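Work through the following exercises with the sequence and the model side by side. Each task is followed by a worked solution.

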Amino acid sequence: MFHAILFYSFAAILVVAALGVIFARNPVHAVMFLVLAFFQSAVLWLLAEAEFLAIVLVLVYVGAVMVLFLFVVMMLDVEVEEIRGGYTRYAPLGIVIAGLMVVELAQVIWLRGKEGFAVDGFRPTPEGYSNTEALGSVLYTEHVYAFEIAAVILLLAIVAAISLTMRRRPGLKQQDIASQVAVRAQDRVRIVKMASEKPE
Amino acid sequence: MNLSQISPAAPEITLTLMICVVLLADLFVPQEKRVITFWLSIASLAVTAWVIVVTASSATTLAFDGSYVSDPLSRLMKLCATGIVGVGFLYARDYLQQNDLLKGEYYLLGLFGLLGMMIMMSANSLLTMYLGLETLSLSLYALVAFERESAKAAESAMKYFVLGAIASGALLYGISWVYGVTGTLHFHEIAEVIRQNPGLNDVPLWFGIAFMIVGIAFKFGAVPFHMWLPDVYQGARSPVTLYIATAPKIAALALLFRILVDGLGELHGVWQGMIMVVAVLSLLIGNIVAIAQSNIKRMLGYSAIAHVGFILLAVFTGSETGYAAALFYTLTYIVMAAGAFGMVILLSRQGFEAEAIRDFKGLNARNPWFALMMLFFMFGMAGVPPWVGFIAKLNVINAVLEAGFPGLAVLMVLASVVGAYYYLRVIWYMYFDAPEDRSVFQSQADTRFVLSLNGIAVLALGILPGWLLKLCIDVIGHS
Amino acid sequence: MTALIPDFVMLPWMAFWEGLPPLMQLLFSKTTLIVFVTVCIILTVAFTTYFERKVIGYMQGRIGPNRVGPLGLGQPFADVIKLLIKEIVVPQKSNRFLFIIAPLLSIVPALATWAVIPLNPTTVIADINAGLLYVLALTSVGVYGVILAGWATNSKYAFLGAMRSAAQIVAYEIAMGFALVGVLMAGGSLNLGDITRAQAGGVSHWFILPLLPLFLVYFISGVAETNRAPFDVAEGESEIVAGFHVEYSGVAFAVFFLAEYANMVLISALTSIFFLGGWASPFEGWTFLGAESLLREPSFFWLAVKIAFFIFVFFWLRATFPRYRYDQIMRLGWKVFIPITIVWIAVEGVMAWLRIGPWSGMAG
């Protein structure tokens with residue numbers, strides 16, 4: 001009961017936040033709504049005792065991705081009204097597609113219930129069960145191949161991004177830190193010994 | 001985990017290690033000696049090919065808890081893809097050097113793309129398949145945009161990326177449906193679940209199949225998901241176009257085989273109709289629009305769409321003969337495509353891209369040997385006997401007739417006749433027009449040698465197709 | 001405890017307590033603990049400001065605050081009262097809502113992280129399995145306060161400060177995360193209590209020895225994450241006035257101030273727990289201290305000593321080093337710290353494989 005109350009209240013906030021992302025007039029507000037939505041989804045995962053996923057969601061999306069998002073959004077001067085024009089025009093189509101997807105998802109759930117697939121309610125995990133450990137052991141055994149491919153894709157993404165963006169501009173002044181560190185006093189300062197003189 | 005569990009994946013592991021070697025070595029190679037990277041890449045391909053051959057057996061082995069499969073089909077495809085990527089690298093070398101584009105990243109992205117293709121060819125789960133596809137696509141997007149200063153390349157890369165992302169999304173959405181309905185990601189388990197629960201053959205699963213076919217058709221470049229193909233072929237630099245036009249076609253065929261045949265073979269009746277519509281449209285639109293092109297890369301793009309129509313019709317039959325014909329068609333088509341784009345590269349030089357069909361005018365007067373080679377490629381693609389394209393088309397038509405669709409066979413013959421027009425136009429320009437440009441080709445001897453070999457192969461395979469055909473039938477039978 | 005409270009209060013209270021449902025009991029006891037910890041942190045912060053002024057004063061040959069109360073100990077309270085009665089000025093063209101909420105976004109993560117910090121072997125607010133990840137997640141959330149403050153103020157100085165801070169925190173978070181991967185490998189758990197327990201057995205068992213490079217990276221990244229000198233380019237009063245909080249005054253400013261110091265205390269506590277054995281005593285196993293010596297027992301006292309030491313190091317750094325230039329900060333984070341941590345994780349892998357250091361007792 002307590003569990004259900006928590007679930008529905010957080011889910012309600014999640015829905016409100018998701019709507020806020022779409023309807024916020026200010027792009028920065030939209031991003032902040034998205035952050036809130038991520039937090040709420042993390043809480044829902046926590047309620048399902050998937051603490052690893054929940055915390056990683058906050059760590060990766062809220063802590064890194066959305067910060068960069070915010071970074072970009074703040075730098076850009078987004079004309080919200082201009083985008084809004086297209087928004088109302090495509091809204092009916094969007095609503096139709098959203099409705100279709102709801103129907104489809106409902107159908108899959110219904111189908112899985114019908115065909116003798118066991119669908120259980122929420123079952124609390126036994127004492128001492130670690131979601132992180134369970135996930136790690138599956139990731140490094142059963143799905144190790146996919147996991148390694150994902151690593152290769154990240155390497156590829158780095159290579160691709162660097163090859164597309166890095167350029168050596170001629171005439172750019174760069175400091176060579178190693179040579180700065182390696183500098184010694186005798187290279188820069190010349191100490192001249194001279195006899196002291198007396199003013200006449 | 002011990003070594004024997006991962007040893008079936010030896011080719012992929014070798015290639016990954018070699019990519020890392022090339023990546024690190026390229027860092028220390030000075031720009032003037034960038035050719036070292038090229039030779040290292042060729043060496044990587046050679047080592048990979050050697051590993052594929054050494055580990056080959058006629059058995060089918062599953063690895064990584066069933067997400068990886070090593071069977072004769074995957075090994076044949078991998079070997080061909082490795083070879084054709086090597087040929088592409090060789091053709092590209094002098095061109096890249098002349099145009100100041102010789103950078104390690106071209107080879108790295110090419111090798112990464114090959115890795116993605118190999119992952120796809122050996123994928124036995126929807127997840128692995130998707131990851132392999134993403135590896136391939138990501139390398140291709142970056143390769144198309146490889147020349148940063150060119151606005152045209154950037155535009156086509158952007159188009160390719162946006163449309164490719166949508167197609168990946170469609171595929172993933174379809175995958176999620178199939179997973180939701182069957183409850184498993186592995187192809188053999190999906191087939192098993194569907195066999196045991198005939199009730200699953202219902203709207204939700206069809207829905208998933210439709211979305212997956214959208215994704216597959218996009219990767220193939222089949223109508224109506226072909227919009228990116230001519231633009232990308234034209235916008236990318238010729239060596240990149242050569243890369244895109246060849247090996248990824250085998251990977252796309254693997255995608256089709258693994259998902260539709262291995263996983264959803266039981267539902268042949270469901271996807272047959274969708275494949276047919278896509279294939280027929282590709283045949284018609286590819287061949288007809290190609291006639292209007294004046295840019296040879298664009299023309300070859302539309303011709304690729306038409307060829308994809310043939311491949312899809314061969315798969316459409318759902319018979320082993322059909323699958324073998326599709327495999328044979330794809331393997332021989334990429335040989336011809338590699339040669340044709342090799343010729344485009346050969347004719348180009350510093351600051352000049354031989355893109356217009358006009359640029360082939362009077363090739364016979366300039367260099368009769370390579371004019372003859374181009375003639376081989378064009379006749380091969382048009383399907384004129386005794387070149388190999390004829391045998392390939394004949395096989396497909398045969399399979400379609402066997403499956404009981406004489407109407408489609410007639411359509412294919414008609415489409416071939418229409419298609420012959422634009423191939424013959426190139427030949428007409430080469431032999432019966434005066435040359436406008438008399439510059440000398442700047443390729444090195446090894447490139448010319450391989451290109452000649454490529455041309456002769458198109459003819460030789462046409463005269464002696466038996467062994468390859470038998471190999472294709474064997475491979476399909478064993479998988 | 002019972003001796004302090006007379007029976008006529010205690011007995012009805014006990015009866016009432018027993019009568020409550022378990023959920024209410026849990027809620028009540030946890031809330032009490034949370035309030036207690038929060039108040040303690042705020043008091044610590046108050047005296048940390050005093051400590052800072054004293055330390056830096058002496059380092060610069062001055063005396064520091066000595067007017068309010070004995071030894072100037074009343075100074076923090078005088079400051080608080082001053083800030084509380086000042087007006088909060090909201091700039092006219094600022095984004096009012098975000099402007100007000102930004103200081104809160106920066107203080108909340110700093111306080112919330114204490115939920116998983118084990119204060120002594122038995123006391124921790126939330127003994128969760130993924131504690132270390134929780135710490136990482138919340139420290140990374142703290143940047144929102146700074147960014148939003150900078151943007152909402154609608155001033156170029158504030159905005160520059162916010163941008164600098166965002167880039168800096170994102171860069172150093174990676175190094176921090178990697179350093180914690182090393183701790184996780186050594187401790188074999190994500191639970192902070194378990195990590196501390198893995199270091200039991202005297203100084204030679206503390207992770208600072210096998211993980212020395214990671215310790216240095218972690219602490220220096222911690223200094224950078226809290227935007228403290230010499231990494232305080234986000235404030236940089238000599239370049240961009242006061243950075244992201246240039247327009248803040250009164251209580252709003254006080255909250256930012258509180259957040260910065262609370263983060264310092266937090267980083268000190270985390271460093272103590274991850275690398276110096278947290279509550280563990282450095283004299284563990286020293287028999288000549290006597291059979292019953294309290295000095296050998298693990299207790300909150302030792303954690304407090306370690307925290308105080310690291311806070312002192314924060315001030316020491318501030319008094320010693322000039323401010324880093326911005327590109328140098330970025331270079332240090334991306335090109336020095338991240339490679340160091342990656343290399344050391346590999347070294348740790350080899351150590352674990354060969355059973356050296358904390359892995360010597362590991363089975364299989």
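**Exercise 1: the contact between the chains**

Task: establish how many residues each chain gives to the contact, and which elements of chain A take part.

Solution. The contact draws 20 residues from chain A and 30 residues from chain B, two residues being in contact if their C-beta atoms, placed from the backbone, lie within 7 Å. On the side of chain A that touches chain B, the elements giving two or more residues are α4 (80-114) and α6 (144-165), where helices are DSSP runs of H or I with at least four residues, numbered from the N terminus. Of these, α6(A) gives the most, with 13 residues. This is a predicted model, in which local features need pLDDT of at least 70 and side-chain atom pairs count only at pLDDT 80 or more, while totals for chains, interfaces and linings use all residues. Residues are numbered from 1 along each chain as its sequence is written, and chains are lettered from A and ligands numbered from 1 in the order in which they are written.

**Exercise 2: a helix pair in chain B**

Task: determine how α3(B) and α4(B) are oriented relative to each other.

Solution. Begin with the geometry: helix α3 (residues 35-54) of chain B packs against helix α4 (residues 72-98) of chain B at an angle of about 165°, their axes lying 10 Å apart, with axes fitted to C-alpha atoms over the stretch in contact and angles running from 0 to 180 degrees between N-to-C directions. The two helices, α3(B) and α4(B), are therefore roughly antiparallel, the term for angles over 145 degrees. Finally, the residues making this contact include Phe38(B) and Leu45(B) of α3(B) and Leu79(B) and Phe89(B) of α4(B).

Terms used. Angles under 35 degrees count as roughly parallel, over 145 as roughly antiparallel, 65 to 115 as roughly perpendicular and the rest as oblique.
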